[in-house]
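Reader: I have a structure to read for class, and I am not sure where to begin. Could we go through it together?
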Amino acid sequence: MGYPKELLYSEEHEWVRVEGNKAYIGITSFAQDELGDIVFVELPEVGTTIQQDEPFGSVESVKTVSELYAPVSGKVVEVNGELENAPELVNSSPYDKAWMIAVEISDTSELEKLLDADKYEAMVKE
């Protein structure tokens with residue numbers, strides 16, 4: 001399974017798409033596959049400040065509840081409201097329709113800690 005090359009990845013299985021100083025964040029296809037069918041997504045409100053490596057929300061599947069960890073620090077500027085009524089988008093479209101939050105990045109140097117697609121793929125194969 002390939003991972004989109006234009007994205008960055010955290011060791012906690014979140015992906016990041018950087019657009020200017022904004023980062024769109026979601027969970028990887030590997031993570032959603034491990035979790036199984038997603039039934040609920042809990043996300044922060046717009047205006048919330050999140051810190052890198054700290055929990056910012058959770059996803060609930062038929063198997064378990066798993067925390068979401070911020071791959072970057074910043075202020076939440078958008079939340080994907082579609083996931084409230086259609087959490088299954090995380091399973092069917094993890095990189096497109098199921099972005100979770102958009103954050104105004106407060107420290108771009110944090111992006112250097114993230115993995116590129118090849119390094120992430122190597123990590124999940126271990």
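Author: Let us begin with a definition: helices and strands are DSSP runs, numbered from the N terminus. Please keep in mind that this is a predicted model.

Reader: Fine. Where is threonine 28, then?
Author: Threonine 28 is in the loop between β3 and α1, the latter covering residues 29–35.

Reader: Is threonine 28 buried or exposed?
Author: Threonine 28 is buried, because its relative accessibility is 0% and the cut-off for buried is under 20%.

Reader: What does threonine 28 touch?
Author: Setting aside residues up to four places away in sequence, threonine 28 touches Tyr9, His13, Glu14, Trp15, Pro94, Tyr95 and Tyr120.

Reader: Where does histidine 13 sit, and what is its phi?
Author: Histidine 13 belongs to the loop between β1 and β2 (14–19). Its phi is near 80°, which is a positive value in a residue other than glycine. Aspartate 53 also has a positive phi, near 70°, and it lies in the loop between β5 and β6.

Reader: Changing topic: how many aromatic pairs are there in the whole structure?
Author: A search of the whole structure gives five aromatic pairs. One of them joins tyrosine 3 and tyrosine 9 edge-to-face, with 6.0 Å from centre to centre and 75° between the planes.

Reader: Are those two tyrosines, 3 and 9, buried or exposed?
Author: Tyrosine 3 counts as buried at 7% relative accessibility, and tyrosine 9 is buried with a relative accessible area of 0%. Another pair is formed by tyrosine 24 and tryptophan 99, edge-to-face, at 5.2 Å centre to centre and 90° between the planes.

Reader: Which parts does that second pair tie together?
Author: Tyrosine 24 is in strand β3 (residues 22–27), while tryptophan 99 is in the loop between α3 (89–92) and β9 (101–105), so the pair ties together parts 75 residues apart in sequence. Both tyrosine 24 and tryptophan 99 are buried.

Reader: What sits over the ring of tyrosine 24?
Author: The charged end of arginine 17 does, 4.9 Å from the centre of the ring.

Reader: And which residues form an aromatic cluster?
Author: Tyr3, Tyr9 and Tyr120 form one aromatic cluster. Two of its members, Tyr9 and Tyr120, are also among the residues that threonine 28 touches.

Reader: On to the sheet. What is the order of its strands?
Author: Six strands make an open sheet in the order β1-β2-β3-β9-β8-β5, with antiparallel pairing. The edge strands, each pairing on one side only, are β1 (8–9) and β5 (49–50).

Reader: How do strands in a sheet pair?
Author: In general, strands of a sheet pair through backbone hydrogen bonds, in a parallel or an antiparallel way. Here, β3 and β9 pair in the antiparallel sense over four bridges. Isoleucine 25 stands opposite isoleucine 101 in β9.

Reader: One last topic: which residue does UniProt list as N6-lipoyllysine?
Author: An unreviewed UniProt entry lists Lys63 under "modified residue: N6-lipoyllysine". In the model, lysine 63 is found in the loop between β6 (55–61) and β7 (65–69).

Reader: Why does lysine 63 count as exposed?
Author: Its relative accessible area is 58%, and exposed means over 50%.

Reader: What is lysine 63 in contact with?
Author: Apart from neighbours within four places in sequence, lysine 63 is in contact with Glu34, Leu35 and Gly36. Its side chain reaches the backbone oxygen of glutamate 34 at 3.1 Å.

Key
Residues numbered from 1 in each chain as written. Heavy atoms only, no water. UniProt positions renumbered as here; feature names shortened; annotations may be inferred. Helix = DSSP H or I, 4+ residues; strand = E, 2+ residues; numbered from the N terminus. Buried < 20%, exposed > 50% of the residue type's maximum accessible area, 1.4 Å probe, protein only. Contact = heavy atoms within 4.5 Å. Polar contact = N/O pair within 3.5 Å; in protein donor to acceptor, adjacent residues only side chain to side chain. Phe/Tyr/Trp six-rings, centres within 6.5 Å; stacked < 30°, edge-to-face > 60°. Lys NZ or Arg CZ within 6 Å of the ring centre and 35° of its normal. Pairing = 2+ DSSP bridges.
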